[in-house]
Amino acid sequence: MAPMPRAEIDITPSLVAALLREQLPDLAQLPVQYAGGGWDNTLFRLGEDLVVRLPRRAVADALMIAEQQWLPERAARVSVPTPAPLRCGRPGAGYPWHWSVSRWIDGVSGATVPRHQRFPAALPLARFLAEFHQPAPDDAPVSPVGRGAPLAARDDVVRARLASLPQLPGVTEGALLRGWDAALAAPAWSGEPLWLHGDLHPANVVLAPDGTLAGVVDFGDLCSGDPATDLAAAWLHFDGAGRAAFRAELERLRAVDAATWERARGWALSLGSALAASSDDSPALFDLGAETLTAVLDDAPWR
């Protein structure tokens, strides 16, 4: 984790309107309104029901192309709304990268909802993963940052990060190291690579007013590999009650062995420590990291 990189191009409503006139003239009459963005993409609301997603830096163009290629077919197989591309744009009107028009999903970012209030999303998020985690073809994307890969590849960086963590209430380096060692000792994933969301933290889910799951968003890290990467959501999203419900529902729908849950806890530890160690510019991300590490230790047999 690092401070959010600067946009490499100024994306304005007038640029979006020009792209629509040039490539999707049937949508060009709809109003365009800035709707936010993140590390990789800038979002513009298009009318009431659509959103235009445009990469804000060159590295995200390949991620957008992969979404356009793979996500529509994957999204058709899940019952949870996603921003799968409905229309695909290409470079034009002075804009250098690929872009998409997707469905707008009403709700709030899960990251803005307190952890104990996310419980209603636990069962539907487990169902989403049971639907999404299907065998991936040989040419499916491989994560450039190691999502879905063996945890051992992250060993050096995680140990160094744990040594540099700020003091957190109830969290000690020794307890986290014991947890990391337990995750590394778990048998590796021996099944075929499965489709993964790749970045299933609370800011990448949309919640309805009652806390239920309205959608799963940001598939820029769509990849294949070990499902434990996505199962880290148990600790990233939920308190103890939510984790228990999430785990029970997923195990009701498909077999998940103890080793996969142990690796998933290791992924949560890795991601939580990254957030807590490197989010000085974002108190919300720091808090998510600290909460995740606390959750990892709360129900750990090795604490």
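## Exercises on a predicted model

Ala93 sits in the loop that joins β4 (85–89) to β5 (99–103). The model is predicted. Work through each task, then check the solution.

### Exercise 1: Two backbone angles

**Task.** Which sign does phi have in Ala93, and is this residue buried, partly exposed or exposed?

**Solution.**
- Step 1. Start with the general rule. Most residues other than glycine have a negative phi.
- Step 2. Read the angle. Ala93 is not a glycine, yet its phi is positive, about 55°.
- Step 3. Check the surface. The relative accessible area of Ala93 is 33%. Partly exposed lies between 20% and 50%. Ala93 is therefore partly exposed.

**Task.** Where is Asp218 found, and what is its phi near?

**Solution.**
- Step 1. Locate the residue. Asp218 belongs to the loop between β9 (213–216) and β10 (223–225).
- Step 2. Read the angle. Phi of Asp218 is near 55°, which is positive, and Asp218 is not a glycine.
- Step 3. Check the surface. Asp218 has a relative accessible area of 30%, so it counts as partly exposed.

### Exercise 2: A residue before the first helix

**Task.** Is Arg6 buried or exposed, and how far apart in space are Arg6 and Pro85?

**Solution.**
- Step 1. Place the residue. Arg6 is in the segment before α1 (13–23).
- Step 2. Apply the cut-off. Exposed means over 50% relative accessible area. Arg6 has 74%, so Arg6 is exposed.
- Step 3. Compare sequence and space. Arg6 and Pro85 are 79 residues apart in sequence. Their C-alpha atoms are 25 Å apart.

### Exercise 3: Helix α9 and the core

**Task.** What length is expected for α9, and what does the helix reach?

**Solution.**
- Step 1. Count residues. Helix α9 covers residues 258–277, which makes 20 residues.
- Step 2. Take the expected span. At 1.5 Å a residue, 28 Å is expected for α9.
- Step 3. Compare. From first C-alpha to last, α9 reaches 28 Å, close to that value.
- Step 4. Look at the cover. In α9, 18 of the 20 residues are buried.

**Task.** Which residues touch the most other members of the largest nonpolar core?

**Solution.**
- Step 1. Note the size. The largest nonpolar core holds 60 residues.
- Step 2. Name the residues. Leu125, Phe128, Val216, Phe246 and Trp261 touch the most other members.
- Step 3. Look for a second core. Apart from the largest lies another core, of 16 residues, including Leu19, Phe44, Leu50 and Trp99.
- Step 4. Return to Trp261. Set aside its neighbours within four places in sequence. Trp261 then contacts Leu231, Ala234, Trp235, Phe246, Arg247, Leu250, Glu251 and Val256.

### Exercise 4: Spaces inside the model

**Task.** How many cavities of 30 Å³ or more does the structure hold, and which residues line the largest?

**Solution.**
- Step 1. Count. There are two such cavities.
- Step 2. Take the largest. Its volume is about 50 Å³. Its lining is Arg118, Ala121, Leu125, Val205, Leu207, Leu213, His237 and Phe238.
- Step 3. Sort that lining. Six residues are nonpolar, one is polar and one is charged.
- Step 4. Take the second largest cavity. Its volume is about 30 Å³. Asp40, Asn41, Ala60, Leu63, Met64, Glu67 and Gly220 line it.
- Step 5. Find the main contributor. Helix α2 (residues 59–75) gives the largest share of this lining, four residues.

**Task.** Which residues are closest to the centre of the second largest pocket?

**Solution.**
- Step 1. Note the volume. The second largest pocket has about 190 Å³.
- Step 2. Pick from its 14 lining residues. Pro150, Leu151, Ala188, Trp189 and Arg263 are the closest to the centre.
- Step 3. Sort the lining. It has 10 nonpolar, two polar and two charged residues.

Notes:
Residues are numbered from 1 along each chain as its sequence is written. This is a predicted model: local features need pLDDT of at least 70, side-chain atom pairs count only at pLDDT 80 or more; totals for chains, interfaces and linings use all residues. Side-chain values use heavy atoms; hydrogens and water are left out. Helices (H or I, at least four residues) and strands (E, at least two) are DSSP runs, numbered from the N terminus. The expected span of a helix is 1.5 Å times one less than its number of residues. Buried means under 20% relative accessible area, exposed over 50%, partly exposed in between (1.4 Å probe, protein chains only). A nonpolar core is a set of buried Ala, Val, Leu, Ile, Met, Phe, Trp, Tyr and Cys residues joined through side-chain atoms within 4.5 Å. Contact means heavy atoms within 4.5 Å. On a 1 Å grid over the protein atoms alone, a cavity is a set of points where a 1.4 Å probe fits but cannot get out, and a pocket is an open set with protein on both sides within 12 Å along at least five of seven lines; lining residues have an atom within 4 Å of a point. Grid points are joined across faces, edges and corners, and a volume is the space filled by probe spheres set on the points. Ala, Val, Leu, Ile, Met, Phe, Trp, Tyr, Cys and Pro count as nonpolar, Asp, Glu, Lys and Arg as charged, and the others, Gly among them, as polar.
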